[in-house]
Amino acid sequence: AYILGAIGMFLYGVAGGLNSRYVMLIGRLVAGVGAANTTLNQSYIARASPVSSRTKLLSLCRGCSILGIASGPLLNLLLLKLDKLDWCYGRFCIDSMTSAGYLMMIVNLVLCALYMLMFVEPPPQRSSSNKFRDVGTQAHPTKEIGH
């Protein structure tokens with residue numbers, strides 16, 4: 001999801017230099033598909049966390065998401081200062097209109113690298129009958145197929 005977000009944000013940034021609203025729209029579409037990680041994160045937390053800490057973890061995940069959404073306009077105010085920079089190399093331009101796309105591309109790549117370096121899948125827990133089951137299904141007995 002982070003890779004799709006980075007690709008979409010790169011297209012969004014390049015669209016300014018190409019002066020193409022179609023590239024911008026495609027970039028936003030790809031970035032939007034990449035933003036599905038929020039739903040995936042919440043689904044994973046619901047499946048992999050014990051019931052006792054699930055509400056806390058889901059709230060923390062949602063709070064971080066809201067913090068990111070709320071900080072976007074503030075960050076954009078800071079990027080407006082780049083209007084005086086207007087640096088171009090061919091059709092690759094960094095200015096107040098394209099810098100948000102490039103910055104979010106970098107953020108997505110950093111998040112992807114952190115995820116790959118730091119995330120460790122928790123081991124499955126064993127039930128009393130030594131059958132593997134998900135951590136999130138501790139309240140339900142494990143049923144064997146065909147018995």
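## A walk through five helices and four strands

Let us start with one residue: Ser-65 is buried, with a relative accessible area of 18%. Here, buried means under 20% relative accessible area, exposed means over 50%, and partly exposed is in between, using a 1.4 Å probe and protein chains only. Ser-65 belongs to helix α4. Its C-alpha atom is separated by 7.6 Å from that of Thr-38, although the two residues are 27 residues apart along the chain.

Before going further, a word on what you are looking at. This is a predicted model, in which local features need pLDDT of at least 70 and side-chain atom pairs count only at pLDDT 80 or more, while totals for chains, interfaces and linings use all residues. Residues are numbered from 1 along each chain as its sequence is written, and side-chain values use heavy atoms, with hydrogens and water left out.

Now for the overall plan. The protein chain has 5 helices and 4 strands. Helices (H or I, at least four residues) and strands (E, at least two) are DSSP runs, numbered from the N terminus. If you follow the protein chain from the N terminus on, its elements run α-α-α-α-β-β-α-β-β. Of its 147 residues, 22% count as buried. Among contacts between residues at least 6 apart in sequence, 50% join residues at least 24 apart; contact means heavy atoms within 4.5 Å.

Ser-65 and Thr-38 lead us to a first pair of helices. The axes of helix α3 (residues 37-48) and helix α4 (residues 51-79) come within 9 Å and cross at roughly 165 degrees. Axes are lines fitted to C-alpha atoms, for helices over the stretch in contact, and angles run from 0 to 180 degrees between N-to-C directions. The angle makes α3 roughly antiparallel to α4. For these words, angles under 35 degrees count as roughly parallel, over 145 as roughly antiparallel, 65 to 115 as roughly perpendicular and the rest as oblique. The crossing of α3 and α4 is right-handed. A crossing is left-handed if the near helix is turned anticlockwise from the far one by less than a right angle, and right-handed if clockwise. On the α3 side, the contact is made by Thr-38, Asn-41, Gln-42, Ile-45 and Ala-46, and on the α4 side by Arg-54, Leu-57, Leu-58, Cys-61, Arg-62 and Ser-65. Sorted by class, the contact of α3 with α4 has 5 nonpolar, 4 polar and 2 charged residues. Ala, Val, Leu, Ile, Met, Phe, Trp, Tyr, Cys and Pro count as nonpolar, Asp, Glu, Lys and Arg as charged, and the others, Gly among them, as polar.

Next, turn to α1 and α5. Helix α1 (residues 2-18) and helix α5 (residues 99-118) pack at an angle of about 165 degrees, with their axes 7 Å apart. They are therefore roughly antiparallel to each other, and the crossing of α1 and α5 is left-handed. From α1, the residues Tyr-2, Ile-3, Gly-5, Ala-6, Met-9, Phe-10, Tyr-12, Gly-13 and Val-14 meet Gly-101, Tyr-102, Met-104, Met-105, Asn-108, Leu-109, Leu-111 and Cys-112 in α5. The residues of this contact of α1 with α5 divide into 13 nonpolar, 4 polar and no charged.

Asn-108 deserves a look of its own. This residue of helix α5 is buried, with a relative accessible area of 12%. A polar atom of its side chain lies 2.9 Å from the backbone oxygen of Met-104. Leaving aside neighbours within four places in sequence, Asn-108 is in contact with Tyr-2, Gly-5, Ala-6 and Met-9.

Helix α5 also meets α4. The axes of α4 and α5 come within 10 Å and cross at roughly 125 degrees, which makes α4 oblique to α5. This crossing of α4 and α5 is right-handed. Leu-75, Asn-76 and Leu-79 of α4 make the contact with Ser-99, Ala-100 and Leu-103 of α5. The residues here divide into 4 nonpolar, 2 polar and no charged.

Finally, visit helix α2 (residues 21-34), where Val-23 lies. Not counting residues up to four places away in sequence, Val-23 touches Leu-11, Ala-15 and Leu-18. Ile-26 lies in α2 too, and Ile-26 is partly exposed, with a relative accessible area of 47%. The C-alpha atoms of Ile-26 and Gly-8, 18 residues apart along the chain, are separated by 7.3 Å. For Val-23 and Gly-8, 15 residues apart along the chain, the C-alpha separation is 9.4 Å.

Note on methods
A polar contact is a pair of N or O atoms within 3.5 Å; within protein, one must be able to donate a hydrogen and the other to accept it, and residues adjacent in sequence count only if both atoms are side-chain atoms.
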